Amino acid sequence: TISSHNISVVVQGPVVGGYDEDPAMRLTNACLESLRRHLPGAELILSTWKGSDIRGLNTDIVIQNADPGSVSYFRNHSVPYNLNRQLLSTSTGLARATRPFAMKIRSDMRVDGLGFLELFNCFPKRNPNWQVFGKRVVICDLLTQHPWRTGFAFSPSDWFTFGKTDDVR
């Protein structure tokens, strides 16, 4: 079993719901509260944008990045894609992670259980010829981009990632 004291959590993205808003709309606050409840002792790193309203958010580290803006990836160039934002806020957050294991989660998500910890050790057999990481990395496959549709290979969902910190980086 992995102790929550050995986990750095990077909460990545915009602060959703300001301090003065209705509590039901404060999604980033709900995310952080769920992490404190399910992973007491974990290091919580919020990696967001300059000028964000971070009042009342229970974090250990706050990183306020300059917003790099979005790009467009569809053929007609009319659909904004936040890949630049995801890459920047995730990488700056993971650079500050100090624990042996890391979780990356979006700022508008929340954790309702710890099944990912059980899943992490579920499949120990691996073919050494096909290993990319030191250990398996757990991701959410919902909304993972299919390369035939988008043209992007190896584009996992940005909702959730967990594994050894070096692998998640």
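Which strand does N65 lie in? Select N65 and you land in strand β3, where strands (E, at least two residues) and helices (H or I, at least four) are DSSP runs numbered from the N terminus.

Before going further, some ground rules. This is a predicted model, in which local features need pLDDT of at least 70 and side-chain atom pairs count only at pLDDT 80 or more, while totals for chains, interfaces and linings use all residues. Residues are numbered from 1 along each chain as its sequence is written, and side-chain values use heavy atoms, with hydrogens and water left out.

**Stop 1: N65 and its neighbours**

Stay on N65. This residue is buried, at 7% relative accessible area; buried means under 20%, exposed over 50%, and partly exposed in between, with a 1.4 Å probe and protein chains only. Now show what surrounds N65: leaving out residues up to four places away in sequence, it touches S47, T48, W49, K50, L88, S89 and T92. Contact here means heavy atoms within 4.5 Å.

**Stop 2: the sheet**

Zoom out and colour the strands. Six of them form an open sheet of mixed pairing, in the order β3-β2-β1-β6-β8-β7; two strands pair if DSSP finds at least two bridges between them. Look at the edges next: β3 and β7 (138–139) sit there, each pairing on one side only. β3 pairs with β2 in the parallel sense, over five bridges. To see one bridge partnership, pick L46 and find V62 in β3.

Then bring up helix α2, residues 83–95. This helix packs on the sheet, touching β1, β2, β3 and β6 (101–106), and its direction makes about 150° with that of β1. The angle is taken between N-to-C directions on a scale from 0 to 180 degrees, with axes as lines fitted to C-alpha atoms, for helices over the stretch in contact.

**Stop 3: two serines in two helices**

While you have α2 up, select S91, which lies in that helix. S91 counts as partly exposed, at 41% relative accessibility. A polar atom of its side chain lies 3.3 Å from the backbone oxygen of L88. That is a polar contact: a pair of N or O atoms within 3.5 Å where, within protein, one must be able to donate a hydrogen and the other to accept it, and residues adjacent in sequence count only if both atoms are side-chain atoms. Draw a C-alpha distance from S91 to K104 and you get 9.9 Å, for residues 13 apart along the chain.

Now jump to S34 in helix α1. Is S34 buried or exposed? Buried, with a relative accessible area of 0%. Its side chain has a polar atom 2.9 Å from the backbone nitrogen of V111. Leaving out residues up to four places away in sequence, S34 touches R110 and V111. M109 is 75 residues from S34 in sequence, yet their C-alpha atoms are 9.3 Å apart.

**Stop 4: salt bridges**

Side chains of opposite charge can pair when their charged atoms come close. A salt bridge is a side-chain nitrogen of Lys or Arg within 4 Å of a carboxyl oxygen of Asp or Glu, and by this rule the count comes to eight.

Start with D20 and R55, whose side chains meet at 3.3 Å, N to O. D20 lies in the loop between β1 (7–12) and α1 (27–38) and R55 in the loop between β2 (43–49) and β3 (61–65), so the pair ties together parts 35 residues apart in sequence. D20 is exposed at 66% relative accessible area, and R55 is partly exposed at 43%. Add D53 to the selection: D20, D53 and R55 are linked in a network of salt bridges.

Next, pick D60 and R36, which meet at 3.2 Å, N to O. This pair links distant parts of the chain, 24 residues apart, with D60 in the loop between β2 and β3 and R36 in helix α1. Both are partly exposed, D60 at 45% and R36 at 22%.

For another pair, go to D166 and R169, at 3.4 Å, N to O. D166 is exposed at 63%, while R169 is partly exposed at 48%.

**Last stop: the cysteines**

How many disulfides does the structure hold? Zero, with a disulfide being a pair of cysteine sulfur atoms within 2.5 Å. Select C122, and the nearest cysteine sulfur, that of C140, is 17 Å away. C122 is partly exposed, at 45% relative accessible area. From C140, the nearest cysteine sulfur is that of C31, 14 Å away.
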